[in-house]
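Got your viewer open and a selection box ready? Load the model and follow along, one stop at a time.

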Amino acid sequence: MKYRSVFDIIGPVMIGPSSSHTAGAARIGRAARHLFGREPKYAHVHLYGSFAKTYKGHGTDVAIIGGLLDYETYDQRIAQALETARSNGMKVRFHEEDAHTDHPNTARLKIGDDDGELELVGISIGGGKAEITELNGFELHLSGSHPAILLIHNDRYGAIASATAILAKHQINIGRMEVSRKAQGEQALMVIEMDQNIDDSILNELERADHITQVAKISE
Amino acid sequence: MFRNVAELVELAESQDIQISEVMIRQEMEVKQMTREQVYGQMEKNLDVMEKAIEDGLKGVKSHSGLTGGDAVLIQNYMKNHTPLSGNLVMDAVSKAVATNEVNAAMGTICATPTAGSAGCVPGTLFAVKNQLNPTRDQMVRYLFTSGAFGFVVANNASISGAAGGCQAEVGSAAGMAAAAIVEMAGGTPSQSAEAMAITLKNMLGLICDPVAGLVEVPCVKRNAMGASNAVTAADMALAGVTSRIPCDEVIDAMYKVGQRMPSAFRETAQGGLAATPTGRELEAKVYGISLKKE
């Protein structure tokens, strides 16, 4: 089921005018921000379908950048997000794409700074709910309705066990998980959705574990 | 977890509880939260809705200038005339309009189920309130009942105009409102389902064609009609009228209609009212562009 909570339907509390084009867009931006772990210095935003056709009227642009500034859907500062980003030194570019995508409200974000880059595809599925469908070339299905951690790891035996053993030790229950890789023996991505938010200390422990190279989390 | 309206009604009637109670219990289970937490969160949403209506009734104007001020006009009209469609219907209409005018002006609203359709549920709630004199608890429950029906639509069809047209947004919102009115008025869970079915049936095929891509024209007035549709359908269901097509099948039909809807009619501002000469003129004015663009 795509929607699990009554507050996906009655909610979110948000700045208008569109739940999919404003609130959902802000959530995609904020997910990118959390996965990147800091405010990026540049952002290329590619918009598809209805996003591409109507983003100006809906404030999709300010919402995505607001998300990159870590604003919630109800944050009044969203309206000034573009100006704020500029004064923070963030370079922002929007690209209206004609390509057909599976979902009408799709955005591809390429964000980064001198120390790294992140590329993410998000879809806004309605009522303010967003899903992340691609991260750095890995396909995934991240609903955003649960806290989640994302682990980049080597495609080696024992990688999954070393991560889940740490979670088990801290009595963290896994609600859903998926593993994908680009090619056998290369880089892989593990997505773990949990019932509760986890502390940064556990994240640090995961980062030090065997075969794991990078860790990011999305809090609820 | 209920997967469709039939299961929702069955859960309520077999335990002799209201739809709102089924929704509250499910939410507690899914989110591992206490009743107070779940209830408290919904109460906050109710406050946001009430505030948005207040703001809208004072008069707001969107940045584009396309919408704003109609809620005030309707309220003034009601002070000096007896509305032909009745006080309650026009009150619901004005409050739905108020909410969507605030939304268009980038004010704070609660999506129900979306921002573009945020007027139907609170608009009807704060109008029906004056006649039924509900407790605060019943008002919070109104939102859980609306949410329960919206939950089914969202999972079995769509609540996105870009995916399923306006029928998925205002259609769903109006149906949710109708079901909640029935519960507040003392109707049965089955009657709530009938009200939802009757409402949605009359919104099937409604396209999403926002002028200039803005959630303003015709969205604000679509919420007005969604609200009046909801009140009418609720009355019909309370009178004992039933839908020949069961609610779940109506929802499924809405989904299939949405799937076959050309993309010009799914929130792309390429068809319908958005593509009329006046729609294009307004678009050009809003963005300060020449009409020769295409």
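The tour below moves from confidence scores to the contact between the chains, then to a sheet and an annotated domain.

**Stop 1: colour by confidence.** Keep in mind that this is a predicted model. For the complex, the predictor reports an ipTM of 0.96 and a pTM of 0.89. Now colour chain B by pLDDT: the average is 96, and 98% of the residues score at least 70. As a general habit, where pLDDT is low, don't read the predicted coordinates in detail.

**Stop 2: the contact between A and B.** Select the residues where the two chains touch. You should get 39 residues from chain A and 49 residues from chain B. Which elements of chain A each supply at least two residues to its side of the contact? Pick strand 1 (13-15), helix 1 (19-36), helix 2 (49-58) and strand 5 (116-126) of chain A, and you have them. Helix 2 of chain A deserves its own colour, as the largest share of that side, seven residues, comes from there. If you recolour chain A's side by residue class, you'll see 16 nonpolar, 17 polar and six charged residues.

**Stop 3: strands that pair across the chains.** Stay with strand 1 of chain A and add strand 1 (residues 108-110) of chain B. These two pair in the antiparallel sense, over three bridges. For a close-up, show V13(A) together with C110(B), which stands opposite V13(A) in strand 1 of chain B.

**Stop 4: an open sheet in chain A.** Next, select strands 8, 9, 10 and 11 of chain A. They form an open sheet in the order 9-10-8-11, with antiparallel pairing. Which strands sit at the edges? Those are strand 9 (174-181) and strand 11 (212-218) of chain A, each pairing on one side only. On average, neighbouring strands of this sheet are turned by 15° against each other, direction ignored.

Zoom in on strand 9 and strand 10 (residues 187-194) of chain A: seven bridges link them in the antiparallel sense. One pair to label is E178(A) and its bridge partner in strand 10 of chain A, V191(A).

Then switch on helix 6 (residues 200-208) of chain A, which packs on the sheet and touches strand 8 (148-154) and strand 11 of chain A. The direction of helix 6 makes about 155° with that of strand 11 of chain A.

**Stop 5: the annotated stretch of chain B.** Finally, select residues 15-274 of chain B, which UniProt lists, in an unreviewed entry, as "domain: Serine dehydratase-like alpha subunit". Is this stretch mostly helix or mostly strand? Over these residues the chain is 65% helix and 1% strand, and the end C-alpha atoms lie 48 Å apart.

How values were computed: Residues are numbered from 1 along each chain as its sequence is written. Chains are lettered from A and ligands numbered from 1 in the order in which they are written. This is a predicted model: local features need pLDDT of at least 70, side-chain atom pairs count only at pLDDT 80 or more; totals for chains, interfaces and linings use all residues. Two residues are in contact if their C-beta atoms, placed from the backbone, lie within 7 Å. Helices (H or I, at least four residues) and strands (E, at least two) are DSSP runs, numbered from the N terminus. Ala, Val, Leu, Ile, Met, Phe, Trp, Tyr, Cys and Pro count as nonpolar, Asp, Glu, Lys and Arg as charged, and the others, Gly among them, as polar. Two strands pair if DSSP finds at least two bridges between them. UniProt positions are given in the numbering used here, feature names are shortened, and annotations may be inferred rather than shown by experiment. pLDDT is the predictor's confidence in each residue, from 0 to 100. Axes are lines fitted to C-alpha atoms, for helices over the stretch in contact, and angles run from 0 to 180 degrees between N-to-C directions.
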